[in-house]
Amino acid sequence: MCGIVGYIGSREAWPIVLNGLKRLEYRGYDSAGIAIINSAGFSVHKKAGKVACLEAETADKDKSGHVAIGHTRWATHGAPSDANSHPHSSNDNRLHIIHNGIIENYLILKEELLARGHTFKSETDTEVLIHLIEEIQNIEQTDLLEAVRLALNTVIGAYAIVILDRENPNQLVAARKGSPMVIGVGQDEYFIASDATPIIEYTKNVVYLQDNEIALIKHNQLLIKKLNNVVQTPLIQELELKLESLEKGGFEHFMMKEIFEQPRSIRDCMRGRIFPLEGKVELGGIKQYTDKLKNAERIIIIACGTSWHAGLTGEYLIEEYGRVKVEVEYASEFRYRNPIISDKDVVIAVSQSGETADTMAAIEIAKERGATILGICNVVGASIPRITDAGVYTHAGPEIGVASTKAFTAQVTVLTLIALFIAQHKKTLPPAKLIDLLTGLDAIPDKIQTLLQDNELIEQIASKIKNATNCLFLGRGFGFPIALEGALKLKEISYIHAEGYPAAEMKHGPIALIDEQMPVIFIATKNSSYEKVISNIQEVKARKGIVIAIVTQGDTKVKNMADHCIEIPDADEAFLPLLATIPLQLLAYHIAVKRGCNVDQPRNLAKSVTVE
Ligand code: F6R
């Protein structure tokens, strides 16, 4: 969701901010804008649509200047329009703000400001905030930093903001609570952004602004305070991010690149953590919580979307191998339903971005009620790793495609490791079986490499079903979470309506949908539910549905029934989620491309969902 970028220093600010906004496009947005202090004084450009529209519109404008702020907006309060785009300005047009987050009490504040004579040009909560800051500055006769501090003490909600004062052009003021913000530290220059992607080409040194912190940023000064006015010492950290990981590397889309990266990303995720010959898993990040995990009365996995699907595979894996009771919860439901939690529970929060608002709120609730909180996160330094007791990074590398692919398989890998880690310490598996499973897991990246060779076949199948209006995805056991994930992937990037179900549930309703137009994608590999899935395939064929089956290499039985088959290498059924996901990702990708969809930035979606 919304991306923010700012620059102050001696370079030309416009290209830095514009390119920064392009780097943040993956977060999802529907309008863009930049405010710059330039030779002519000051200008603001904002436009509904993509950053490219803003770029085209400003092609012949004076864009010179050394201080600028820019924003990509994902609409919450008010439609995507030029007027609602950021930056927003104060009543006197002196202060300009960009904001990621939501000011929850904006309506009350707006009514009060209207009563005192303010007029507003947009429907946004953000414009209310900058008017409030302006008013406080005028009444208190203070500097901008203090006015922002006082204003933020009166607002409820989440924010990462940057403010530019055209009368005082040698400074920016930034603050955060609940929305991410990174400050890049250069030589007499500072870069500000929602994440490190716009910063990495200029500096590796960054300060992660913490919640309830406010910063005064000049080209040669960074002053950070808490909202209670206590000055903080900025902690400069070095980024591990590599610029190449933000490029497409010869692929047409980031999603395709990220699908093909999975042998590497899963290998990176396991590196230093599995020792197959010794039957050992080491998870340094959560080592100190080994006893908590193995003695937990219950493990509650909280997540949203694709990460929730990873959580569901975690339930199957942990219960099967670690023999601990697991519940998987949508974070958005968990946070509002007064859940029963005790200090004997371990909560595992799963999040690619580490910034998902619902997951963060669910963590806070579980924490208040005494549970131990572990995190599984991909983005190093994100908010979730900072509010959990301990955790495991997935090390999948930056995921730019909005639809999660390599981050999902890395989450499943970590959950597999956690299941085997518990089994090892709880001794719920014979040592020989543990060695067997770890050896099998170690071989998964190579098996994925092999099955990626099916890409062309999958593209051909995609051509055959690209005009479908509905699709069903069915699986049993370990195949069920994958059916859910396959359906989500297809619907989010191709806009085809798709549903995932446990295969046996089909006859309790969805079977009514099946006719000769309906593609039904089965996870039909040779595992404990193979024969049962075959019966379900027959039920679909009897009603003339189009069957596409993911089968184990060498299968003949399903091949005789299905319209199209995609083979995956044989492996223990525990690894089905890792293998069977890949062809479903490719299928969704090719269908979406053939339908002319923007696979990397599907409509209405955001990469990190920082509002509830
Ligand atoms: C779908 C997708 C989303 C995310 C969800 C949670 O491809 O990526 O469903 O999984 O928004 O996001 P994170 O994992 O960042 O908490």
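These are my notebook entries on a predicted model, taken in the order in which I looked things up.

**Entry 1: the annotated active site**

I began with the UniProt record, an unreviewed entry, which places the feature "active site" at Cys2 and Lys607. The two positions span 606 residues in sequence, yet their C-alpha atoms are no more than 9.7 Å apart, so they gather at one spot. I then checked the largest pocket, and of these residues its lining includes Lys607.

For Cys2, I noted that the residue sits in the segment before strand 1, which runs over 3–8. With a relative accessible area of 7%, Cys2 is buried, because the cut-off for that term is under 20%. Setting aside residues up to four places away in sequence, I found Cys2 touching Arg27, Gly28, His71, Thr72, Arg73, Trp74, His99, Asn100 and Ser194.

For Lys607, the place is the segment after helix 19 (576–594), and at 11% relative accessibility this residue also counts as buried. Its contacts, again without residues up to four places away in sequence, are Met1, Tyr26, Arg27, Gly28, Gln352, Ser353, Glu399, Gly401, Val402, Ala403 and Ser404. Comparing the two lists, I see that Arg27 and Gly28 touch both Cys2 and Lys607.

**Entry 2: the ligand**

Which residues come nearest to the ligand? Of the 14 residues around it, they are Ser307, Ser351, Ser353, Thr356 and Glu492. I looked at the polar side-chain atoms next: one in Ser353 lies 2.6 Å from an oxygen atom of the ligand, and an N or O atom in the side chain of Thr356 is 2.4 Å from a ligand oxygen. In Glu492, a polar side-chain atom lies 2.6 Å from an oxygen atom of the ligand.

On its own the ligand has 410 Å² of accessible area, and the protein covers 89% of that. The elements that give two or more residues to the shell are helix 9 (305–322) and helix 17 (479–494), and helix 9 gives the most, with 3 residues. I also note that Ser353, listed here among the residues that come nearest to the ligand, is one of the residues touched by Lys607.

**Entry 3: the SIS annotation**

The UniProt annotation "domain: SIS", from an unreviewed entry, covers residues 289–428 and 461–602. In the span 289–428, I found the end C-alpha atoms 18 Å apart, with 46% helix and 20% strand. For 461–602, the end C-alpha atoms lie 22 Å apart, and the span is 37% helix and 20% strand.

**Entry 4: helix 5**

I turned to helix 5, residues 144–152, where 7 of the 9 residues are buried, so the helix is largely enclosed by the rest of the structure. The buried residues are Leu144, Leu145, Ala147, Val148, Arg149, Ala151 and Leu152. What covers them includes helix 4 (125–140) together with strand 6 (95–103), strand 7 (157–165), strand 8 (172–177), strand 12 (213–218) and strand 13 (221–226).

**Entry 5: His45 and Arg166**

His45 lies in strand 3, residues 43–48, and counts as buried at 12% relative accessibility. Its side chain makes a polar contact of 3.3 Å with the side chain of Ser43. Beyond neighbours within four places in sequence, His45 is in contact with Trp14, Ala32, Gly33, Ile34, Leu54, Thr58 and Lys61.

Is Arg166 buried or exposed? At 33% relative accessibility it counts as partly exposed, and its place is the loop between strand 7 and strand 8. The side chain of Arg166 reaches the backbone oxygen of Asn93 at 3.1 Å, and Asn93 appears in its contact list alongside Ile37, Phe42, Arg94 and His96, leaving aside neighbours within four places in sequence. I also took the C-alpha separation between Arg166 and Gln449, which is 55 Å across 283 residues of sequence.

**Entry 6: backbone geometry**

A cis peptide bond joins His86 and Pro87, with omega at about 0 degrees, and Pro87 lies in the loop between strand 4 (67–73) and strand 5 (88–89).

I then looked up positive phi values in residues other than glycine. Asn338 has phi near 50 degrees and is placed in the loop between helix 10 (331–334) and strand 20 (345–351), where it counts as exposed at 57% relative accessibility. Asn604 has phi near 70 degrees and is exposed, with a relative accessible area of 63%. The place of Asn604 is in the segment after helix 19, which is also where I had located Lys607.

Conventions:
Residues are numbered from 1 along each chain as its sequence is written. This is a predicted model: local features need pLDDT of at least 70, side-chain atom pairs count only at pLDDT 80 or more; totals for chains, interfaces and linings use all residues. Side-chain values use heavy atoms; hydrogens and water are left out. UniProt positions are given in the numbering used here, feature names are shortened, and annotations may be inferred rather than shown by experiment. On a 1 Å grid over the protein atoms alone, a cavity is a set of points where a 1.4 Å probe fits but cannot get out, and a pocket is an open set with protein on both sides within 12 Å along at least five of seven lines; lining residues have an atom within 4 Å of a point. Helices (H or I, at least four residues) and strands (E, at least two) are DSSP runs, numbered from the N terminus. Buried means under 20% relative accessible area, exposed over 50%, partly exposed in between (1.4 Å probe, protein chains only). Contact means heavy atoms within 4.5 Å. A residue is near a molecule or strand if one of its heavy atoms lies within 4 Å of it. A polar contact is a pair of N or O atoms within 3.5 Å; within protein, one must be able to donate a hydrogen and the other to accept it, and residues adjacent in sequence count only if both atoms are side-chain atoms. Accessible areas come from the Shrake-Rupley method with a 1.4 Å probe; for residues, only the protein chains shown count as cover.
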